[in-house]
Amino acid sequence: MATETPGQETQETLSNLLSETRRFEPPADLASAANVTADAYEEAAQDRLAFWERAAERLTWAERWNTTLEWKPPFSKWFVDGKLNVAYNCVDRHVEAGRGDKVAYHWEGEPEGDTRTITYADLQKEVAKAANALEELGVRKGDRVAVYMPMIPELPIALLACARIGAIHSVVFGGFSASALKSRIDDADAKIVITADGGYRRGAPSALKPTVDEAVADCPGVEHVLVVRRTGQDVPVNERDVWWHDLVERQPSEHEPVPHDAEDPLYILYTSGTTGKPKGILHTTGGYLTQVAWTHHAVFDLKPETDIYWCTADIGWVTGHSYIVYGPLANGATSVIYEGTPDTPHRGRFWEIVQKYQVTILYTAPTAIRTFMKWGDDIPAKYDMSSLRVLGSVGEPINPEAYVWYREHIGANRCPVVDTWWQTETGGIMISPLPGVTAAKPGAAMRPLPGVVADVVDDQGESVLNGGGGFLVVREPWPAMLRTIWGDDQRYIDTYWSRFEGMYFPGDGAKRDEDGDLWLLGRVDDVMLVSGHNISTTEVESALVSHPKVAEAAVVGATDPVTGQAIVSFVILRGGAEESEDIASELRAHVAKTLGPIAKPRQILVVPELPKTRSGKIMRRLLRDVAENRSLGDVTTLTDSSVMNLIAEKLPSAK
Ligand code: ATP
Ligand code: MG
């Protein structure tokens, strides 16, 4: 693969390090039939609220709103006095429109051949039964329901049942520990927990129920635990437990969807906890559904009649909430849901699924893409993926080389890649190319979507000029914004609205290039200060990944007596690349040539794995501990803590 090495001079600012000149124009056929054209930017710029009103009109409202936005900074209300039912919008209205036979979900279990096809008509019945069941258990509007489940159809059904009756769901990712689950149950004061006996993970059943038992042992507020039988493994049954198949199956398959207020809470979702104590992010009804439905329609150019859409995230993360459940269903899409891991039973599983269901739109994360690069190009090459037409990325900055690999080896150089920036707090996509409009740059999220007013500011809160770098901010409220942190308005104000007067601060760094396009640089805590220069970990990682032998890289700043901080890099080699004696010097030279000598790592270590959060993000904090010879900080959100031992073995000393 051709690599560009501009070899430019060392620059003072973070903003001028990376130079990327590749551009990918939208495919002509996609552009000419695109759901959204360049006019949308113009329309939204002229009247932002009218733009969001039109987006809201894509939904079915029981009562129209009176006021589009009530803004008492930093608290917003959208579509005030409007009433709607989210489950009705996601399910019933499609059935009423004669699309009941359309597939809502092609569900693919991890064990091969274990599949289910769920039409909108099926979903309507299942959601109605589950809603009746929750009511029988005494769940009422406003009650909190904790959900701790594998990726099975009952998971979206449970969420829609909660939405239907106005109960607030709080999904906790099924890989979290009992103590993590307990603290989230306590914080939200959940009345019931919905779970399963277990799920399939890496070819074997993995129990969930014992973790729930441990978590709720000391939660007197939890009245019932509703348990889906998925794996059939033996699990203890306690007094509070109710089997899904006993309770839900005998319910009537009709349920009246009462309209809820546009500002009634829809769900709480705790941020993944890459840093600090998790925050219970609160999302509400009308604005949230408006934005996730519109962005799903616009960013993926979704054509509900013909597209087969697959988002590979877990529903336990916000990506799954917004872009597996609410956005796609509100749009009447046909989606794929896959239960398991990409390497079970073989490393081509994802591509086999794409081929099997003729997936047209794929939405995944950089961590997955880099893993596929590591496994080798020959694996996706074995499958027919000619159905694909749009590819998406979310979760971390995507290194330009990973972007180009994704475009080439998955998208056959034909499919546009949309790099979507957003977070749990924003509820929906905020910054992204539009596939029929944008000439995309690999590694850049490009422009705020129509209706979103984002900016890059310096530490005084002044907008930076083109070519500058600094802090990403959002200047105006948006419909899917978090309304607060559950039970803690002050923490909401302090965390997001105190760094810059009157602006939302997501905690991420960004640069704006000479054309005015945005490049996200990850969280600001990850920026390094080397000999007085601010250097972003993302840029050094991207430079490393642009070397043909490197699949994945993590970079941290370690205290250094001479330079303040020195760059320490951990790299994973690509499939087929040999670990040679001089690989470290080869890579150091490559970074120096790509970014300039200032960015040259002091140390480069080849490692087999990197520490990641359960949502797949690199945990640089732990690598910093290793690089500085400290004992490790909190590892509870780590997927696999043995990774740290493997890495420590590679590191004779921090010097
Ligand atoms: P926590 O807030 O608990 O530490 P988290 O920030 O990882 O966890 P999420 O809300 O899932 O939890 O992730 C949002 C963050 O992910 C963003 O703030 C940003 O740092 C990063 N991110 C997401 N998408 C992109 C993207 N396309 N480009 C760059 N960074 C991204
Ligand atoms: Mg975050």
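pLDDT is the predictor's confidence in each residue, from 0 to 100. The structure is a predicted model.

**Exercise 1. Judge the confidence of the protein chain.**

Task: State what the average pLDDT is, then find where confidence is highest and lowest among the helices.

Solution.
- Step 1. Start with the whole chain. The average pLDDT is 92. A score of at least 70 is reached by 95% of the residues.
- Step 2. Go to the extremes. Helix α10 (residues 286-299) has the highest confidence, at 99. Helix α20 (residues 642-650) has the lowest, at a mean of 78.
- Step 3. Check the start of the chain. Over residues 1-16, pLDDT stays under 50. The model still has 48 contacts beyond four places in sequence for this stretch.
- Step 4. Add the global scores. The ipTM is 0.99 and the pTM is 0.92.

**Exercise 2. Describe the overall fold.**

Task: Count the helices and strands, then compare the radius of gyration with the globule rule.

Solution.
- Step 1. The protein chain contains 20 helices and 30 strands.
- Step 2. Its radius of gyration is 24 Å, and the globule rule gives 26 Å for 655 residues. The two values are close, so the chain is as compact as a globular protein of that length.
- Step 3. Along the principal axes, the C-alpha atoms fill a box of roughly 70 × 60 × 50 Å.
- Step 4. Turn to burial and surface. Of the 655 residues, 63% are buried. The accessible surface is about 23200 Å², with 48% belonging to carbon and sulfur atoms.
- Step 5. Look at contact range. Take contacts between residues at least 6 apart in sequence: 72% of them join residues at least 24 apart.

**Exercise 3. Place two annotated residues.**

Task: Decide whether W421 is buried or exposed, and do likewise for Q423.

Solution.
- Step 1. Consult the record. An unreviewed UniProt entry annotates a "binding site" whose residues include W421, Q423, T424 and D508.
- Step 2. Locate W421. It sits in the loop between β20 (417-419) and β21 (454-457). Q423 is in the loop between β20 and β21.
- Step 3. Apply the cut-off: buried means under 20% relative accessible area. W421 has 8% relative accessibility, so it is buried. Q423 has 13%, so it is buried.
- Step 4. List contacts beyond four places in sequence. W421 touches residues including I429, M430, L472, P506 and D508. Q423 touches V318, Y504 and P506.
- Step 5. Extend to T271, in the loop between β14 (265-270) and β15 (280-284). T271 has 9% relative accessibility and therefore counts as buried. Among its contacts are R184, I281 and T424. T424 is one of the residues in the UniProt annotation.

**Exercise 4. Explain the state of C219.**

Task: Why is C219 too far from the closest cysteine sulfur for a bond?

Solution.
- Step 1. Locate C219. It lies in the loop between α8 (209-216) and β11 (224-228).
- Step 2. Check burial. Relative accessibility is 3%, so C219 counts as buried. Leaving aside neighbours within four places in sequence, it contacts K182, I185, D186 and R240.
- Step 3. Apply the disulfide cut-off: the sulfur atoms must be within 2.5 Å. The closest cysteine sulfur to that of C219 belongs to C162, 17 Å away, which is too far for a bond.
- Step 4. Widen the search. The whole structure holds zero disulfides. C311 is in none; its nearest cysteine sulfur is that of C90, 15 Å away. C311 is buried, at a relative accessible area of 2%.

Technical notes. Residues numbered from 1 in each chain as written. Chains lettered and ligands numbered in written order. Predicted model: local features only at pLDDT ≥ 70, side-chain atom pairs only at ≥ 80, totals over all residues. Heavy atoms only, no water. Helix = DSSP H or I, 4+ residues; strand = E, 2+ residues; numbered from the N terminus. Buried < 20%, exposed > 50% of the residue type's maximum accessible area, 1.4 Å probe, protein only. Contact = heavy atoms within 4.5 Å. UniProt positions renumbered as here; feature names shortened; annotations may be inferred. Rg over C-alpha atoms; globule rule 2.2 N^0.38 Å. Areas by Shrake-Rupley, 256 points an atom, 1.4 Å probe, with all protein chains shown as cover.
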